[in-house]
Amino acid sequence: MFYNCSTSKQLQEPAPIQIGEAFYQYWTAGVQGGGAGVDVYLPVVNNPDNIQVDSIYFRNMGAKLDLVGQSKDLLVGHLINGQNKQEDLILSIDPNEEYKNQLPKEAVVMPFVIKDDECIISYNEKGIVKYFKVSGILEKESNNLPNIIKNN
């Protein structure tokens, strides 16, 4: 017997938001332990007032989306991976001291199977979480941040 659960996640077609030429950039902080990740940029062509964009899922990572720009016409997802991360690990003879160590973060559960040039956007419409896919995301040159910011 097969049952179709009403809570199963489905992609909305057509997408409720029209997205322009989307791209992503890998970045690495210029200092050891400063972090690394991917920023995904989604130019918004039209954004209906009745929906609230929430999160992005891209290459087995997930993050909240920010609406930026003077006219709020750019969605940006700052996805952080585990590379170039500073580890504060307490090793001690006293086991109570080791309880201060942070637990590992849980892996992001991707709601859909997607290709490397695709992402999933979750949004809220009238209290209901929905999803749509953006395809054809282009890669731009990496953005390796300097380790020293110079003041002029």
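What pattern does the protein chain follow, read along the sequence? The answer is β-β-β-β-β-β-α-β-β-β-β, which adds up to one helix and 10 strands. Please keep in mind as you look around that this is a predicted model. The points below start with the whole chain and then visit some residues.

**The chain as a whole**

- The protein chain has 152 residues, and buried residues make up 30% of them.
- Its accessible surface comes to about 11200 Å², and carbon and sulfur atoms account for 50% of that area.
- Take the contacts between residues at least 6 apart in sequence: 58% of them join residues at least 24 apart.

**Three salt bridges to find**

How many salt bridges does the structure hold? There are three, and you can look for each of them in turn.

- Aspartate 54 and lysine 64 form a salt bridge, with their closest N and O atoms 2.7 Å apart. This pair links distant parts of the chain, 10 residues apart: aspartate 54 sits in strand β4 (residues 51-58) and lysine 64 in strand β5 (residues 61-68).
- Is lysine 64 buried or exposed? Lysine 64 is exposed, because its relative accessible area is 53% and the cut-off for exposed is over 50%. Its partner, aspartate 54, counts as partly exposed at 30% relative accessibility.
- Glutamate 118 and lysine 133 meet through their side chains in a salt bridge of 3.7 Å, N to O. Here too, distant parts of the chain are linked, 15 residues apart. Glutamate 118 belongs to the loop between α1 (95-98) and β7 (119-125), while lysine 133 is in strand β8 (residues 128-134).
- Glutamate 118 counts as buried, because its relative accessibility is 7% and buried means under 20%. Lysine 133, on the other side of this salt bridge, has 35% relative accessibility and counts as partly exposed.
- Lysine 130 forms a salt bridge with glutamate 125, and the closest N and O atoms are 2.9 Å apart. Glutamate 125 is buried, with a relative accessible area of 17%.

**A buried glutamine with a polar partner**

- Glutamine 25 is found in strand β2, which covers residues 23-28.
- Why does glutamine 25 count as buried? Its relative accessible area is 17%, and this residue is therefore below the 20% limit for buried.
- Which backbone oxygen lies 2.9 Å from a polar atom of the side chain of glutamine 25? That oxygen belongs to glutamate 141.

**Backbone details worth a look**

- Go to the segment before β1 (18-19) and you will find proline 14. The peptide bond leading from glutamate 13 to proline 14 is cis, and its omega is near -5°.
- The loop between β4 and β5 is the place of arginine 59. Although arginine 59 is not a glycine, it has a positive phi of about 50°.
- Asparagine 60 is also placed in the loop between β4 and β5. Asparagine 60 is not a glycine either, yet its phi is positive, at about 60°.
- What about the accessibility of these two loop residues? Arginine 59 counts as partly exposed at 26% relative accessibility, whereas asparagine 60 counts as exposed at 61%.

Methods: Residues numbered from 1 in each chain as written. Predicted model: local features only at pLDDT ≥ 70, side-chain atom pairs only at ≥ 80, totals over all residues. Heavy atoms only, no water. Helix = DSSP H or I, 4+ residues; strand = E, 2+ residues; numbered from the N terminus. Buried < 20%, exposed > 50% of the residue type's maximum accessible area, 1.4 Å probe, protein only. Polar contact = N/O pair within 3.5 Å; in protein donor to acceptor, adjacent residues only side chain to side chain. Contact = heavy atoms within 4.5 Å. Areas by Shrake-Rupley, 256 points an atom, 1.4 Å probe, with all protein chains shown as cover. Salt bridge = Lys/Arg side-chain N within 4 Å of Asp/Glu carboxyl O.
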